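Student: I'm new to this one and would like a close look at a single part of it. Could you walk me through the surroundings of one ligand, and then show me how that part compares with the rest?

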Amino acid sequence: MPAGTDERHCMEAALHFRPSLGSGQTFRGNMAETREKKWNLALRYSGVGVVLLLAATMLYFYFLYPQRELGPEQPILFSHRLHAGVKEINCKFCHPFAERSRNPGIPELQKCFFCHEHIITKHPQILKERQHYDTKTPVPWVRIFYVPDHVKFNHKPHIQYAKLDCTNCHGEVKTMDRLQKVDFQMHFCITCHQERKAQLDCWLACHH
Ligand code: HEC
Ligand code: HEC
Ligand code: HEC
Ligand code: HEC
């Protein structure tokens with residue numbers, strides 16, 4: 001063996017010598033191995049992390065995001081999903097004027113107590129309702145759908161003659177806890193009037 005090589009080995013041994021491990025070689029081997037293990041572990045955990053992150057994002061969009069598009073909060077947490085959806089109470093039971101007049105109307109509290117005189121009478125929301133009822137103070141329901149003052153809209157012809165469904169204009173009310181506002185712009189009326197061949201000189205009829 002040439003002397004130079006020996007010297008280099010010596011140098012290397014000295015460089016990598018760690019007293020606690022006895023041999024630089026094993027130390028490096030262990031290091032590489034643990035590093036590899038750690039790396040694998042890290043990869044696995046980051047994999048889990050990515051999956052969790054995706055799941056969280058999906059949950060966010062599925063459960064939380066739509067709530068941002070929920071309509072305004074009402075003074076009493078009344079749910080159309082529960083009443084019209086799950087309990088299948090007819091829209092017209094609570095909005096009886098829909099086919100007879102300009103305005104379907106918001107039900108009187110009396111109508112609520114048709115059922116809530118007996119059902120969940122101790123529910124905090126029902127107690128709140130009770131208070132309004134007993135003191136004869138109307139519930140300040142937040143208005144959701146409206147057209148500008150200069151527009152003349154009447155439910156009657158749309159429901160009685162055109163046989164439209166509430167969902168045509170109000171969306172899937174049955175699935176909503178809190179009703180969402182729909183912005184009734186003029187094209188909303190016109191597009192449908194075009195499709196259904198309803199009157200289009202409408203703007204004589206619809207505007208005051
Ligand atoms: C048990 C009674 C009840 C039933 C059944 C019911 N509603 Fe209502 N509705 C209400 C009450 C109370 C409000 C006011 C609070 C609110 O907006 O959630 C309301 C509000 C509304 C509004 C919004 C009015 C506005 O502009 O502020 C629309 C539209 C509506 N209901 C449509 C429907 C349709 C369509 C159905 C059937 C699928 C239906 N409702 C069934 C009680 C009822
Ligand atoms: C035809 C019967 C009926 C009418 C009318 C009715 N409800 Fe209900 N309501 C129910 C039933 C059934 C439940 C579910 C009770 C339960 O959870 O056991 C309920 C539940 C509720 C709840 C509790 C919801 C929750 O999150 O637990 C509220 C608040 C409520 N109703 C408000 C109203 C208001 C306000 C009106 C009037 C506009 C009304 N209800 C009219 C049958 C009715
Ligand atoms: C052709 C579209 C259209 C259809 C179909 C329709 N609505 Fe409406 N609805 C409107 C418009 C537009 C308003 C706002 C009216 C206003 O500002 O005067 C409104 C307002 C309402 C309101 C607010 C309260 C009131 O008395 O004005 C209720 C409640 C309502 N609609 C319930 C119903 C129900 C229940 C049905 C089905 C039986 C129905 N609507 C079908 C367009 C429609
Ligand atoms: C989803 C479809 C649809 C939408 C949305 C709609 N309409 Fe109509 N409308 C009709 C149809 C169909 C008729 C014809 C009814 C009939 O047979 O007399 C009609 C009739 C009318 C009439 C004539 C009523 C009469 O007394 O003869 C007026 C006014 C009117 N609509 C105004 C409006 C206004 C304002 C809006 C928007 C806020 C609107 N409509 C939205 C379908 C629609």
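Student: Which element gives the largest share of the shell around ligand 3?

Tutor: That would be α8, with four residues in the shell around ligand 3. Before we go further, keep in mind that this is a predicted model.

Let's stay with ligand 3 for a moment. It has 20 residues around it, and Asn-103, Pro-104, Tyr-146, Cys-166 and Cys-169 come nearest. Two elements, α7 and α8, each give two or more residues to this shell. Sorted by class, the shell around ligand 3 holds 13 nonpolar residues and seven polar ones, with no charged residues.

Now follow α7 and α8 over to ligand 4. Its surroundings count 22 residues, and the nearest of these are Tyr-161, Ala-162, Cys-189, Cys-192 and Ala-198. Here α7 (155-161) and α8 (166-170) turn up again among the elements that give two or more residues, along with α9 (186-195) and α10 (202-205). The biggest giver to the shell around ligand 4 is α9, with four residues. As for classes, the shell around ligand 4 has 16 nonpolar, four polar and two charged residues.

The loop between α7 and α8 deserves a quick stop, and Lys-163 is found there. Lys-163 isn't a glycine, yet its phi is positive, at about 55°. Is Lys-163 buried or exposed? Lys-163 is exposed, because just 9 other C-beta atoms lie within 10 Å, and the cut-off for exposed is 12 or fewer.

Next comes ligand 2, for comparison. Ligand 2 is surrounded by 20 residues, with Phe-78, Pro-107, Cys-112, Cys-115 and Gln-125 the closest. Two or more residues each come from α3 (80-86), α5 (109-116) and α6 (124-134). In the shell around ligand 2 the largest share belongs to α5, which gives five residues. The class split for ligand 2 is 12 nonpolar, five polar and three charged residues.

Since α3 has come up, step into the loop between α3 and α4, where you'll find Glu-88. Glu-88 is another residue with a positive phi, about 50°, although it is not a glycine. Glu-88 counts as exposed because it has 8 C-beta neighbours inside 10 Å. Carry on into helix α4 (residues 91-94) and you meet Phe-93. Phe-93 has 12 C-beta neighbours inside 10 Å, so it counts as exposed too. Look across from Phe-93 to Lys-111: they sit 18 residues apart along the chain, and their C-alpha atoms are separated by 8.9 Å.

Finally, a word on how far to trust the picture. The protein chain has a mean pLDDT of 78, and 73% of its residues reach 70 or more. Confidence is highest in α3, at 96, and lowest in helix α1 (residues 3-16), at a mean of 48. Two stretches stay under 50. One is residues 1-5, for which the model has one contact beyond four places in sequence. The other is residues 17-26, for which the model has seven contacts of that kind. Where pLDDT is low, the predicted coordinates shouldn't be read in detail.

Definitions and conventions: Residues numbered from 1 in each chain as written. Chains lettered and ligands numbered in written order. Predicted model: local features only at pLDDT ≥ 70, side-chain atom pairs only at ≥ 80, totals over all residues. Near = placed C-beta within 6 Å. Nonpolar A, V, L, I, M, F, W, Y, C, P; charged D, E, K, R; others polar. Buried ≥ 20, exposed ≤ 12 C-beta atoms within 10 Å, placed from the backbone. pLDDT = per-residue confidence, 0-100.
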